[in-house]
Structure formats: C-alpha cells, structure tokens
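Let us walk through this structure step by step, beginning with a single pairing and widening the view from there.

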Amino acid sequence: MSNQKKFIVSHAPFWLDGSRISIRSYNLMIAALPALLFGIAQYGMPAIGVITLAISSAIIWEYLWDVITKQAVTIGDGNAAVIGLLFGMLLPATAPWWFVIIGTFIAVIIGKQIYGGIGANAFNPVLVAIAILMLSWKYVFNFDGMLLNYDFNFLAVYPLAALKHFGVSGIESFNMGDLLMGQQIGGIGTGFGLGLIIGGAYLIIRGYIRWEISASFIVGMFITAMLFNLSDSARFAGPLVHLFTGYTLIGIFFLATEDSSSPVNFIPMLIYGAGAGVLTVLIRNIGVYVDGVVFAILAMNLVSPLLDMIRPKAIGKVV
Amino acid sequence: MIKRSFIGLAKPRLEYELLEDIQPELVRVPTAKKVTLFLDSPFDPYIKRENDLLKIGDKVKTGQKLQLTGDSGAYVISTVTGTISSITSFISDLGRKQTAISIEAATEEAIDETFANQSKQPGIKNLLAFLEGAPGNPNLKFFSGTEKTIGTIAILGADKDLLPVTNQYFVKSKTDAIKSGIRVLKELTGVANIVIVVPQSLMQAAGATGVQVKVVDSQYPAALPLMVMKDVLGQVVPAGKTCEDLGVCFLSAEAVASIGSAYESGQLPISKTFTLIKKDGGKILVSARIGTSVKDVFDACNIAVKDNDRIIFGGIMTGSSAYSEELPVKSDTDAIIIQDSEEIPLTTDYPCINCGDCIRICPANMPVNMLVRLLEASQYEEAVDNYDLDSCVECGLCSYVCVSRIPIFQYIRMAKKELARIKTAEATNE
Ligand code: SF4
Ligand code: SF4
C-alpha cells in the first residue's frame with residue numbers, strides 16, 4: 001500500500017466562500033481608522049499611548065488566558081485586538097495606564113473568555129468593561145474634567161454633560177455640522193461622527209455588520225428623541241444632538257452590532273436596534289447617567305437570545 | 001472556487017453550471033481489468049457461507065444478476081465478463097454496510113441473456129428485478145406496490161449540485177432513450193402523471209419527450225428535489241417527510257434513459273456517464289462501466305493526481321471525498337471532481353460567532369446558529385423537536401458561508417443518520 005497516493009479527505013461542501021474571523025477583525029479595525037486617526041490628531045501622543053496600550057494589553061490578556069488554560073493561542077484571529085481598539089476609542093485620551101490595563105482585562109477575560117471565548121459572550125465585552133469601570137471610577141468618564149488641560153479651537157465641554165446639567169440652552173452654541181465633523185470633546189474615537197459613519201457604511205456594504213441593527217437603532221433613537229423634544233424643547237434636545245454626541249455613532253456601528261451578543265434574525269435585529277436607540281434616549285433624558293449608550297446596548301444584549309426566538313418558520317414545518 | 005464578493009451585504013449567488021451549446025464529446029473509458037461493485041447488504045466474513053450464491057472464483061457474464069444470498073433481495077448487475085476475485089465487507093461514507101464484489105475481467109466478453117428473455121413479459125417485476133442499480137440509480141423501490149403509492153414521476157433533467165452537467169447531457173443528447181423510458185414507466189408503473197424538470201436552456205429539448213416540461217431556477221439549490229417540490233411543483237414537503245410520502249418520485253434523466261434503452265435493446269445498461277471536472281475547472285463527459293476504478297478513469301483521460309489533492313464523488317456542495325484512487329464509479333456517481341491541493345480551503349476549529357450568515361442563506365429558514373450548538377453537544381432529539389432539524393434540505397450552503405468554517409453540514413447529516421438509526425432500533429425493539 002506504500003505506493004498509494006494520499007488524498008485529502010474531508011466533508012462537503014468542498015468550496016467555502018473564503019470568509020474567516022481574522023478577515024472580519026481586520027475589516028472592523030480598518031473601518032475604525034477614520035475616527036481613530038481623527039482622534040489621534042485631536043488629542044496627540046496621549047491618545048496614541050492609550051490606544052496602543054489598550055490593543056497590546058488586550059492581546060496579552062488573551063494570550064495569557066490561552067496559555068494558562070492550555071488552549072490553542074487565538075490572538076491571531078484579531079478579536080482581542082478589536083476589543084482593545086474599541087475599548088481604547090471609548091476612553092478619554094488622558095485615561096491612566098492602569099485604568100486601560102484593568103479595562104482590557106475585564107473586557108477580554110471577564111467579558112469574553114469566562115463565557116467560553118469568542119462567540120459565547122452574552123454581552124459585548126467592551127461594554128462590560130466600560131460599564132464596570134464607569135461604576136468604579138466614574139471620574140475617568142467625566143470628559144470635561146479629564147480633558148481640562150487641552151486647548152481646543154472649539155467649545156471644550158462635553159455636550160451630553162452640558163445637556164444634562166443645563167438643558168438645551170447648555171448646548172446652544174454647538175452646531176450640528178461641527179459636531180458631525182468632530183468639533184467636540186469625548187472619547188478618543190467617538191467624536192468624529194462622519195468618520196464613524198463612513199466606517200459603518202463600509203462595514204455594512206462589506207457585510208460585516210448588519211444594517212438592520214444600525215438602521216433601527218437610528219430610527220428608535222430619532223423617534224424617541226423627537227417625542228421628548230416636542231414635549232419640552234427647553235429641556236430635551238432634538239434627535240440630531242443625540243445622534244452626533246457621546247457614544248451614539250460608535251455604538252450604532254461598532255458596539256451594538258457585535259456578533260455574539262446581538263440577534264441574527266431579521267425582526268429580532270430590528271427590535272434589538274430600536275430598543276437600544278429608545279433606551280439610550282430614555283437614559284440620557286430621564287436617567288441619572290450622562291450617556292445612555294452603554295447601558296442601553298447591554299440591556300438589549302440581555303434580551304437578545306429571547307428576541308431571537310422570533311424567527312421565520314422553517315419550510316415544511318406544520319406547527 | 002467562488003470567493004465571497006467584495007459587497008458582502010447581498011447573499012452570495014451560486015449559479016448552476018449549464019451545459020454549453022457545443023455538444024461535448026463523450027470520452028469512453030476502455031473496459032477495466034478489474035471492476036468493483038457494491039451490493040447493498042452487509043457482509044460478515046466470520047459466519048459460514050455455504051449457502052451463498054456467489055463465491056470467489058465464480059465466472060460471471062456481462063449483464064448477469066449477482067446476489068449473495070437469496071433472502072435479502074439485494075443484487076447488482078455485473079458490468080464485465082470475468083471471474084470473481086474477492087468479496088469483502090465495505091462501509092460507505094455515510095456508514096452503510098455493504099458488500100464489495102471485485103471481478104477480474106476476461107478478454108472475451110459474453111452477454112447474459114436472462115433480461116433479454118424476460119423483458120418481454122409484462123408487469124413491473126422485471127423492472128424491479130433488474131434495473132434498481134442501473135446507471136443513474138433509479139429509485140424504483142417505491143413502485144413495488146407494498147409501500148407508498150406514487151402519483152407523479154418527476155424526471156430531473158437538471159443537475160442537483162453545482163458543477164456536474166450529466167443530467168443535462170442526457171436531456172440534450174439522449175432524448176429518444178428518455179422517451180422510451182417514459183413509455184416503459186407509464187406502462188409498467190401505471191403512473192400517468194410524468195413531468196420533466198429542466199433548466200430554462202433545455203426547455204426545447206425536454207419538450208421533445210412529450211411530457212409536461214417544468215423549468216427550474218438556475219441558482220443553487222433550486223434543483224434539489226425538496227426545493228423542486230416546493231418551488232416548481234408547488235407542494236411543500238412537511239418536515240421529516242419525503243417527496244415519496246407526498247406521492248412524487250424523482251428519477252434522474254439518466255435513470256429514465258437507462259430504463260428506456262434496457263427495454264429498447266434487451267440489454268442492461270452497464271456504463272455510467274458522469275462529468276469529470278479537472279483541476280483547472282475544465283469539464284469532460286466520461287462514460288465508464290460501473291465499477292471502474294477512479295484510477296482507470298484518470299489514466300484514460302490523461303489526468304495526473306498527486307498527494308494531498310482531493311477527489312470528490314458527486315458535487316461540490318454535497319458530494320463525498322475519496323481516500324483512494326481504487327474506489328470505483330458507482331451507479332449514482334454524477335461527477336468526479338479533482339481539486340488541487342492548493343485549492344483546498346483550510347478549515348478551523350472555531351466555535352460559532354453568531355454572525356448569522358448561515359441563517360440568511362439557508363433556503364429552509366433553519367435556525368442554523370442554534371442547531372450548531374445543539375449538534376456539537378449531540379443533542380439530536382432537541383434539535384429535531386425545537387430547532388427544525390428535519391426541515392433541512394441538505395444543500396450545504398450554511399457550511400459554505402460559515403466564517404468559523406464549522407462543518408455544520410456534516411453535523412446535520414450525521415445527526416440525521418443517527419436519528420434514523422435510533423428510530424429503526426426503537427421500531428425493532430417494540
Ligand atoms: S444544509 Fe444548511 S443551509 Fe442547507 S437547508 Fe440545511 S441547514 Fe439550511
Ligand atoms: S455562519 Fe457559522 S459562525 Fe456564523 S452564525 Fe452560522 S454557524 Fe455561526
């Protein structure tokens with residue numbers, strides 16, 4: 001039998017469409033670039049420091065986990081890098097180094113690996129980390145305080161904080177075009193709305209995130225904000241303010257769309273996105289938090305498996 | 001290989017391969033020195049086999065009916081004249097226990113006349129007694145009268161899987177044989193309602209058969225029988241049921257042509273026609289006796305294969321890969337595909353990331369992402385009860401698009417097989 005040729009034996013189908021997780025991860029990172037580069041231009045070296053530390057520490061945490069639990073090393077799939085990148089983008093450029101490292105630990109280990117690794121996390125790992133940190137070290141997310149030492153040629157107040165404390169009059173000096181173009185303070189990668197929209201559009205076209213979630217998020221947020229605005233326009237800002245400030249756009253395109261914690265069926269995706277949009281505005285307008293995106297998405301993550309039970313009938317199913 | 005397009009928002013479209021207008025030439029593989037035939041009943045080498053009808057050393061003729069024991073009813077038709085050189089147990093890729101019979105061919109060919117003499121007699125008996133393993137593998141057991149009642153015969157003149165063009169070739173070039181096959185079927189089975197299902201391009205050719213022509217879509221998996229039932233014949237097969245349960249029996253165009261030419265000439269057809277797809281994607285239509293080894297086919301077509309290539313029996317999406325060149329052409333081998341080692345996609349052992357691509361592409365609306373989790377944990381019953389396992393039309397598209405490259409399709413096939421096994425075990429215990 002020694003002269004027999006050895007063939008590859010495997011299962012049908014014998015073609016695959018070539019997609020793989022690493023390609024997905026790289027595309028997510030490419031899509032985040034416009035917003036990220038803008039943030040780096042705006043905040044300089046400290047921003048570079050936070051982002052590189054976030055990415056590298058996320059990768060190291062995952063590597064350590066793989067080694068300690070004796071699993072195959074998974075950092076090549078780029079997922080840890082994506083988590084680190086998105087986490088870093090949500091932070092102020094002046095976030096302390098230990099804060100970044102604790103954050104990526106929570107995201108990668110508690111947010112993802114403890115659940116069973118990629119695909120098994122019920123919540124978006126980045127948001128789990130942000131939520132826990134927000135509760136423990138609130139001041140880091142006080143962007144006005146954290147970015148005090150910067151000199152900008154625009155009004156350096158965090159729009160959502162101003163809105164919360166002074167009502168609509170507090171943000172009168174902002175114009176929508178400036179907000180969209182990133183003339184506001186906030187997280188490193190959250191201010192440049194246009195960049196996030198471009199990245200999101202890229203991901204939607206390439207099929208790496210689902211338009212159903214992003215679109216319904218926007219619609220849900222828009223309608224709720226509008227209703228509030230109509231009821232009391234001195235207290236509640238209009239929908240565009242909500243859309244262009246805080247974590248909204250990064251949430252719509254990069255956070256709510258995380259695969260594992262979001263639904264996959266059509267109607268559930270619509271409900272999930274809309275729910276996150278509605279909750280965001282509710283938390284911002286009547287809750288205690290300045291921004292509502294983080295908790296809104298986490299809340300929808302929680303119900304995502306339930307929502308996904310609404311699914312089309314399989315063919316030939318009689319009941 | 002068809003790769004994911006840059007625009008990933010739209011679902012990938014996989015179009016069936018169409019037979020070109022130019023008539024491809026049929027390459028005939030010369031009669032091999034040895035053929036291997038599979039008998040669909042298990043073989044236990046450790047029991048006494050005095051009563052066997054076949055023994056090593058027996059001489060057989062071309063067209064002779066071979067049976068191992070009288071009682072199982074399973075038979076194969078010898079495709080050469082020669083001497084039986086081995087009888088062994090064989091396990092097919094989905095775990096079916098079969099008997100492999102090898103025959104060394106003699107130089108002189110002699111034809112067995114039994115069928116020629118009996119085919120003149122009326123009645124369905126001869127059809128069942130001689131043509132079950134004919135080229136194209138006609139699904140005749142449903143006509144035996146004791147089981148289900150068939151009201152419609154659907155002749156599939158399209159190819160089920162992506163690359164083969166075998167059935168289209170038959171519709172185009174063997175219209176007469178199909179026509180006489182239809183006549184025989186009408187007469188012997190008493191089924192009046194016969195339709196032929198073809199791609200758009202073959203409508204005219206199919207029209208010449210004289211039965212009703214139905215057109216099937218050009219996008220995979222439209223030509224899978226369950227999809228044809230739903231979209232062409234307008235009958236949705238309930239989950240867990242078969243087309244035959246609804247009274248529709250599918251026969252491939254080649255099978256009908258085999259029946260036609262058998263009754264026309266009095267000789268049992270012994271050569272299988274199939275599409276051979278080379279590494280560069282080039283197609284040749286080949287005819288070889290059933291039982292000819294893949295190696296002999298490659299030699300006849302001047303095809304070289306090397307270590308780590310992949311040889312596939314059947315189509316790209318649903319076929320099975322061969323571990324050896326010694327494996328023979330069977331009555332249902334519609335295609336043999338050779339993939340270069342460079343072309344073989346690597347798989348991973350990643351878990352499902354819940355991206356939902358499989359859900360969007362599944363033609364049966366299956367909750368594939370949930371199924372994967374259950375099947376990985378072998379929770380088959382739960383998968384049937386709550387996650388529609390038995391609605392799957394077995395197209396393989398979910399595996400094709402999976403980012404984690406999970407062999408979902410294999411899980412599904414294994415689960416179905418396992419469930420069927422449990423079911424029969426329960427039935428025999430009662
Ligand atoms: S093989 Fe996959 S895609 Fe095809 S019907 Fe079954 S579950 Fe759906
Ligand atoms: S395509 Fe694969 S990874 Fe994506 S949801 Fe389906 S099974 Fe999971």
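In this predicted model, a good place to begin is Val197(B), whose bridge partner in β10(B) is Lys214(B). That pair belongs to a longer ladder, since strand β10 of chain B, residues 212–216, runs parallel to β9(B) and is joined to β9(B) over 5 bridges. On β9(B) there is another pairing to follow, for strand β8 of chain B, residues 152–156, also pairs with β9(B) in the parallel sense over 5 bridges, and here Val195(B) in β9(B) has Ala154(B) standing opposite. How much of β9(B) is covered? Strand β9 of chain B spans residues 193–199, and 6 of its 7 residues are buried.

From β10 of chain B the path can be followed into the loop that leads to α6 (225–231), where Pro221(B) lies. The peptide bond that joins Tyr220(B) to Pro221(B) is cis, with omega near 0 degrees. Chain A offers a cis bond as well, between Ala12(A) and Pro13(A), with an omega of about -5 degrees, and Pro13(A) is placed in the segment before α1 (21–43) of that chain. Such details deserve a second look because most peptide bonds are trans, and most residues other than glycine have a negative phi.

Two residues of chain B illustrate the matter of phi. Asn354(B), which is not a glycine, has a positive phi near 65 degrees, and its place is the loop between β16 (335–339) and α9 (357–361) of chain B. Glu394(B), again not a glycine, has a positive phi of about 55 degrees and sits in the loop between α11 (380–387) and α12 (397–401) of chain B. Are these residues buried or exposed, or partly exposed? With a relative accessible area of 8%, Asn354(B) is buried, whereas Glu394(B), at 26% relative accessibility, counts as partly exposed.

Turning to chain A as a whole, the reader will find 14 helices and 0 strands. Its radius of gyration is 21 Å, close to the 20 Å that the globule rule gives for 319 residues, so chain A is as compact as a globular protein of that length. Of the 319 residues of chain A, 58% count as buried, and among its contacts between residues at least 6 apart in sequence, 75% join residues at least 24 apart. The surface that chain A exposes comes to about 12,800 Å², of which carbon and sulfur atoms supply 71%. Finally, chain A carries 15 positive and 14 negative charges, and the mean positions of these two sets are 15 Å apart.

Methods:
Residues are numbered from 1 along each chain as its sequence is written. Chains are lettered from A and ligands numbered from 1 in the order in which they are written. This is a predicted model: local features need pLDDT of at least 70, side-chain atom pairs count only at pLDDT 80 or more; totals for chains, interfaces and linings use all residues. Side-chain values use heavy atoms; hydrogens and water are left out. Helices (H or I, at least four residues) and strands (E, at least two) are DSSP runs, numbered from the N terminus. The radius of gyration is taken over C-alpha atoms; the globule rule is 2.2 Å times the number of residues to the power 0.38. Buried means under 20% relative accessible area, exposed over 50%, partly exposed in between (1.4 Å probe, protein chains only). Contact means heavy atoms within 4.5 Å. Accessible areas come from the Shrake-Rupley method with a 1.4 Å probe; for residues, only the protein chains shown count as cover. Lys and Arg count as positive and Asp and Glu as negative; His and the chain ends are not counted. The place of a charge is taken as NZ of Lys, CZ of Arg, CG of Asp or CD of Glu. Two strands pair if DSSP finds at least two bridges between them.
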